[in-house]
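Thanks for coming, everyone. I'd like to take a few minutes to walk through a model, so let's put it up on the screen.

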Amino acid sequence: MLDRRTSHDDLIGHLVRSTPLSRGEAARVVLDVLAYFDETTEEFVRRRHRELQSGGLTNADIFERIMAELPHRAVAPPDLSLRQLRRIVYG
């Protein structure tokens, strides 16, 4: 069977050389990180709302925290108002 090289083989190889991860573990880490950063703004807002709500925070605190976190995403979305955040979560 041919060894199919992915576009991330260099990164996977680097992780294998620089960490105790096996090749399979390194590939999984790369895929997990890519999936995390592939998350849309709407998906991020909904996920963070669920996570923070399950931690007992109120919506006022949740939306303030999400607003503070959004600019620090790998590709920061445009500024969203509290109203826009609420519409993402509640429709």
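**A walk through the helices**

Let me begin at glutamate 69, which, once you set aside its neighbours within four places in sequence, is in contact with Phe44 and Arg48. Before going on, keep in mind that this is a predicted model. Glutamate 69 belongs to helix α4, and with a relative accessible area of 22% it is partly exposed. The cut-off for buried is under 20%, so 22% puts glutamate 69 in the partly exposed class. One more distance for this residue: glutamate 69 and serine 54 are 15 residues apart along the chain, and their C-alpha atoms are separated by 18 Å.

Staying with α4, which of its residues are buried? They are Ile62, Phe63 and Ile66. These cover an arc of only 90 degrees around the axis, so they end up on the same side of α4. And what covers them? The cover includes α3 and α5.

Let's take α5 next. Helix α4, residues 59-69, packs with helix α5, residues 82-90, at an angle of about 110 degrees, and the axes are 10 Å apart. That makes the two helices, α4 and α5, roughly perpendicular. If you want to find the meeting place on screen, look on the α4 side for Asn59, Phe63, Glu64, Ile66 and Met67. On the α5 side, the residues they meet are Leu82, Leu85, Arg86, Val89 and Tyr90.

Now to α3. Histidine 49 lies in that helix, which spans residues 41-54. Is histidine 49 buried or exposed? At 3% relative accessibility, histidine 49 counts as buried. Leaving out neighbours within four places in sequence, histidine 49 is in contact with Asn59, Ile62, Phe63, Ile66, Val89 and Tyr90. You've heard some of those names already: Ile62, Phe63 and Ile66 are the buried residues of α4, while Val89 and Tyr90 are among the α5 residues that meet α4.

Over to the other end of the chain, then. In helix α1, residues 9-18, the buried residues are Asp9, Ile12, Gly13 and Leu15. They cover an arc of only 160 degrees around the axis, so they too sit on the same side of their helix, α1. Turn the model to look at the face of α1 that points away from the buried side, and you'll see the exposed residues Asp10 and Arg17. As for the buried residues of α1, they pack against α2, residues 23-37.

Two residues of α2 are worth picking out here. One is arginine 23, which counts as partly exposed at 42% relative accessibility. Aside from neighbours within four places in sequence, arginine 23 is in contact with Asp9, Ile12, Gly13 and Val16. Its C-alpha atom and that of glycine 13 are separated by 7.3 Å, with their positions 10 residues apart along the chain. The other is leucine 31, also found in α2. At 55% relative accessibility, leucine 31 counts as exposed. Leucine 31 and isoleucine 12 are 19 residues apart in sequence, and their C-alpha atoms are 10.0 Å apart in space.

Last stop, the aromatics. How many aromatic pairs does the structure hold? One. The partners are tyrosine 36 and phenylalanine 37, with ring centres 5.0 Å apart and planes at 85 degrees, so the pair is edge-to-face. The cut-off for that label is over 60 degrees. Tyrosine 36 counts as partly exposed at 40% relative accessibility, and phenylalanine 37, at 45%, counts as partly exposed as well. There's a charge in this corner of the talk, too: the charged end of arginine 73 sits over the ring of tyrosine 36, 4.9 Å from the ring centre. So tyrosine 36 has the ring of phenylalanine 37 as its edge-to-face partner and the charged end of arginine 73 over its own ring.

That's my tour. Happy to rotate the model to anything you'd like to see again.

Key. Residues are numbered from 1 along each chain as its sequence is written. This is a predicted model: local features need pLDDT of at least 70, side-chain atom pairs count only at pLDDT 80 or more; totals for chains, interfaces and linings use all residues. Side-chain values use heavy atoms; hydrogens and water are left out. Buried means under 20% relative accessible area, exposed over 50%, partly exposed in between (1.4 Å probe, protein chains only). Helices (H or I, at least four residues) and strands (E, at least two) are DSSP runs, numbered from the N terminus. The arc is that of the directions from the helix axis to the C-beta atoms. Contact means heavy atoms within 4.5 Å. Rings of Phe, Tyr and Trp (its six-membered ring) pair if their centres lie within 6.5 Å; planes under 30 degrees apart count as stacked, over 60 as edge-to-face and the rest as tilted. A charge sits over a ring if NZ of Lys or CZ of Arg is within 6 Å of the ring centre and within 35 degrees of the ring normal. Axes are lines fitted to C-alpha atoms, for helices over the stretch in contact, and angles run from 0 to 180 degrees between N-to-C directions. Angles under 35 degrees count as roughly parallel, over 145 as roughly antiparallel, 65 to 115 as roughly perpendicular and the rest as oblique.
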